[in-house]
Amino acid sequence: MSETVLGILASGRGSNMQVILNNIHSGQIHAKIGVVISDHPTAKVLEIASAAGIPAVCVERKNFATKQEFEAAIAAELVNHEVKLVVLAGFMRILSGYFIGLFSGRIMNIHPSLLPAFPGLHAHEQVLAYGAKVSGCTIHFVDEGVDTGPIIMQQAVAVLADDTADRLAERIIKVEHALYSKAIGLYCEQRLCIEGRNVKIIEG
Ligand code: GRF
């Protein structure tokens, strides 16, 4: 089976991207990162990609008159780099139906809560404000809603009595790193099958 080409979209520090790259190098994920795209010129994720010799591209919203033109520019980069799976790793923009339609069933996201609880921004703060005792992370395919697409994998993390958002985030990000690579690995092995809202994992 040939390597699946990943396109990573990220706005920030890129710790998930770094771990995905490490796990490609170690052979855990049979893939190659074709391009890393950020909407922020100073995002650390672009530095990490460049240092690793991966094409690193900044596409800024302010350079386009409309959201669709902005997304078309991102899509063009993905297509130019022959990307099969679009991996959102802290990409802080909501993608439109237009973009999602171009990569239907081929966009994954990671969210730092147990969806459908606490979608959107500031998940850890939401969890603590609500008084939930369990949080975690969710990997899902992206649909037109915010963090609403079919769930691929989830893992729970206990909320501790003295947690702050930062402490909870620190424990959850470790789980995120492990789980995202697992889900991407399964996709690359063609072991994920979307049936309506359900994602079936085909036994290896
Ligand atoms: C992660 O917590 C992810 O769940 C959320 O954005 C954060 C990205 O972190 N969507 P990083 O840039 O991968 O370090």
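Strands, labelled E, are DSSP runs of at least two residues, and helices, labelled H, are DSSP runs (H or I) of at least four; both are numbered from the N terminus. These labels are used in every legend below. The model shown is predicted.

**View 1. Asp147 in the loop between E6 and E7.** Strand E7 spans residues 151-158, and Asp147 is found in the loop between E6 and this strand. The phi angle of Asp147 is positive, at about 60°. Asp147 is not a glycine. Its relative accessibility is 14%, so Asp147 counts as buried.

**View 2. Thr138 and its contacts with backbone atoms.** Strand E6 covers residues 134-141 and includes Thr138. Is Thr138 buried or exposed? It counts as buried, because its relative accessibility is 0%. The side chain of Thr138 reaches two backbone atoms, shown here in turn. One is the backbone oxygen of Ser113, at 2.7 Å. The other is the backbone nitrogen of Leu115, at 3.0 Å.

**View 3. Pro116 and His122 in the loop between E5 and H5.** Pro116 is found in this loop. The peptide bond that joins Leu115 to Pro116 is cis, with omega of about 10°. Leu115 also appears in View 2, where its backbone nitrogen is reached by the side chain of Thr138. His122 lies in the loop between E5 and H5 as well. Phi of His122 is near 50°. That is a positive value in a residue other than glycine. His122 counts as exposed, because its relative accessibility is 55% and exposed means over 50%.

**View 4. Asp39 and two side-chain partners.** Asp39 lies in the loop between strand E2, residues 31-38, and helix H2. Its relative accessible area is 4%, so Asp39 is buried. Which side chains does the side chain of Asp39 contact? One is that of Ser11, joined to Asp39 by a polar contact of 2.8 Å. Another is that of Arg93, with a polar contact of 2.8 Å.

**View 5. Ser50 in helix H2.** Helix H2 runs over residues 44-51, and Ser50 lies in it. Ser50 counts as partly exposed, because its relative accessibility is 46%. His177 is included in the view for distance. Ser50 and His177 are 127 residues apart in sequence. From C-alpha to C-alpha, Ser50 and His177 are 21 Å apart in space.

**View 6. Ile24 in helix H1, with Gly185.** Ile24 lies in helix H1. At 14% relative accessibility, Ile24 falls under the 20% limit and therefore counts as buried. Gly185 is 161 residues from Ile24 along the chain. The C-alpha atoms of Ile24 and Gly185 are separated by 9.1 Å.

**View 7. The largest pocket.** Rolling a probe the size of a water molecule over the atoms shows where empty space is left. The largest pocket has a volume of about 1000 Å³. It is lined by 39 residues. Closest to the centre of the pocket are Gly90, Phe91, Met92, Ile110 and Pro112. Four elements give two or more residues to the lining: helix H1 (15-25), strand E5 (107-111), helix H5 (123-130) and helix H6 (165-188). Which element gives the most to the lining of the largest pocket? It is H6, with 5 residues. By residue type, the lining holds 18 nonpolar, 13 polar and 8 charged residues. Domain 1 (1-104) and domain 2 (110-204) each supply at least three residues to the lining of the largest pocket.

**View 8. The ligand and the residues around it.** Which residues surround the ligand? They are Arg13, Gly14, Ser15, Asn16, Gly90, Ile110, Pro112, Ile173 and Glu176. Gly90, Ile110 and Pro112 also appear in View 7, among the residues closest to the centre of the largest pocket. Three pairs of atoms are picked out in this view. In the side chain of Arg13, an N or O atom is 2.5 Å from an oxygen atom of the ligand. A polar backbone atom of Gly14 is 2.9 Å from an oxygen atom of the ligand. In Glu176, a polar side-chain atom lies 2.7 Å from an oxygen atom of the ligand.

Terms used
Residues numbered from 1 in each chain as written. Predicted model: local features only at pLDDT ≥ 70, side-chain atom pairs only at ≥ 80, totals over all residues. Heavy atoms only, no water. Buried < 20%, exposed > 50% of the residue type's maximum accessible area, 1.4 Å probe, protein only. 1 Å grid on protein atoms, 1.4 Å probe; cavity = no way out; pocket = protein on both sides within 12 Å on 5 of 7 lines; lining within 4 Å. Points joined across faces, edges and corners; volume = space filled by probe spheres on them. Nonpolar A, V, L, I, M, F, W, Y, C, P; charged D, E, K, R; others polar. Domains from an automatic or database assignment. Near = heavy atom within 4 Å. Polar contact = N/O pair within 3.5 Å; in protein donor to acceptor, adjacent residues only side chain to side chain.
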